[in-house]
Amino acid sequence: AVLTVPLGVSDTTGQGILSYDLVMTYDQAVLTPQVTPYDTTGTVSSAFSVAINATVPGTLVISGVGTAPLAGAGTLLNLKFNIVGNYPACSNLNFTSAIFNDGNPPDQTTNGQFCVINGSVSGTVTYVNGLPTQPTVENVTVTAVGSTTVADNTDSSGYYYLSPFSAGAYTVTPTKSGDVNGITSLDSSLVVQHV
């Protein structure tokens with residue numbers, strides 16, 4: 001899976017910020033930077049040139065420079081990671097250094113944390129018969145098969161909830177027993193009678 005970490009910044013307008021240097025640490029057993037570990041699209045840094053050094057495992061050294069000062073508040077930069085850890089692993093995302101314009105204006109950072117959680121899949125099973133409101137189907141067994149198997153039965157509203165999942169891909173399949181599936185010969189007879 002992929003994780004995007006937006007680095008937020010308060011209003012930079014009028015601060016004259018032409019550069020920033022950030023050093024962030026993370027747990028390499030949980031996260032690894034993508035080949036291009038950042039994205040500036042739609043960020044406050046969209047007009048800046050950004051370089052990231054990720055040669056030291058567990059550390060990102062981030063530098064940004066521009067010819068016009070930063071303006072606005074919001075996402076300074078999006079960092080891009082691949083998630084390599086499994087549930088319940090966590091990684092602190094800590095700034096060991098953050099400097100704008102060689103220290104002017106001064107910075108104040110807030111660290112973060114990312115944790116791998118068990119995913120879930122939920123939904124409603126309905127008949128597809130062309131009606132504006134599709135009737136729901138109860139007592140359908142919905143099974144997800146992957147590194148572990150997870151299953152649930154739909155309730156009277158056709159709702160199911162599957163959790164927890166382990167790492168890897170899953171195939172989700174609904175099955176129902178006790179009802180006739182498909183078109184029977186009686187269905188065909190009734191159609192012929194109607195015609």
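Of the 195 residues of the protein chain in this predicted model, 29% count as buried. About 11,600 Å² of the chain is exposed, and carbon and sulfur atoms supply 53% of that area. The C-alpha trace spans about 85 × 35 × 25 Å along its principal axes. The secondary structure comes to 1 helix and 13 strands, and the order from the N terminus is β-β-β-β-β-β-β-β-β-β-β-β-β-α, with the helix closing the series. The radius of gyration is 26 Å, well over the 16 Å that the globule rule gives for 195 residues, so the chain is more spread out than a compact globule. Contacts across the sequence can be followed as well: among those between residues at least 6 apart, 69% join residues at least 24 apart.

Strand S1 is a good place to begin a tour of the individual elements. Residues 2-9 make up this strand, and its side chains alternate between two faces. Leu 3, Val 5, Leu 7 and Val 9 point to one face and are buried, whereas Val 2, Thr 4, Pro 6 and Gly 8 point to the other and are not. Strand S1 runs antiparallel to strand S6 (residues 74-83), and 8 bridges join the two. Within this pairing, Val 9, one of the buried residues of S1, has Gly 74 of S6 as its bridge partner.

Gln 34 offers another view of this part of the chain. The residue is found in strand S3, which covers residues 31-39. Apart from neighbours within four places in sequence, Gln 34 is in contact with Val 2, Lys 80, Phe 81 and Asn 82. Val 2 belongs to the face of S1 whose side chains are not buried. With Asn 82 there is also a polar contact, made side chain to side chain at 3.3 Å. Gln 34 and Ile 83 are separated by 49 residues in sequence, while their C-alpha atoms are 9.7 Å apart in space.

Further along, Asn 101 is found in the loop between strand S7 (90-100) and strand S8 (112-115). Setting aside residues up to four places away in sequence, this asparagine touches a run of residues from an earlier part of the chain: Gln 15, Gly 16, Ile 17, Leu 18 and Ser 19. The contact with Gly 16 includes a polar one, in which the side chain of Asn 101 reaches the backbone oxygen of Gly 16 at 2.6 Å.

Attention now turns to a sheet later in the sequence. Here 3 strands form an open sheet in the order S11-S10-S13, with antiparallel pairing. Strand S11 (149-153) and strand S13 (171-175) stand at the edges with a single partner strand each, so one side of each is left without a neighbour in the sheet. Neighbouring strands are turned against each other by 15 degrees on average, direction ignored.

Strand S10 (residues 141-145) pairs with S13 in the antiparallel sense over 5 bridges. The pairing of S10 with S11 is likewise antiparallel and also comprises 5 bridges, and these two strands form a hairpin with 3 residues between them. Thr 143 of the sheet shows both pairings at a single position: its bridge partner in S13 is Thr 173, and its bridge partner in S11 is Ala 151.

Note on methods:
Residues numbered from 1 in each chain as written. Predicted model: local features only at pLDDT ≥ 70, side-chain atom pairs only at ≥ 80, totals over all residues. Heavy atoms only, no water. Pairing = 2+ DSSP bridges. Helix = DSSP H or I, 4+ residues; strand = E, 2+ residues; numbered from the N terminus. Axes fitted to C-alpha atoms, helices over the stretch in contact; angles between N-to-C directions. Polar contact = N/O pair within 3.5 Å; in protein donor to acceptor, adjacent residues only side chain to side chain. Contact = heavy atoms within 4.5 Å. Rg over C-alpha atoms; globule rule 2.2 N^0.38 Å. Buried < 20%, exposed > 50% of the residue type's maximum accessible area, 1.4 Å probe, protein only. Areas by Shrake-Rupley, 256 points an atom, 1.4 Å probe, with all protein chains shown as cover.
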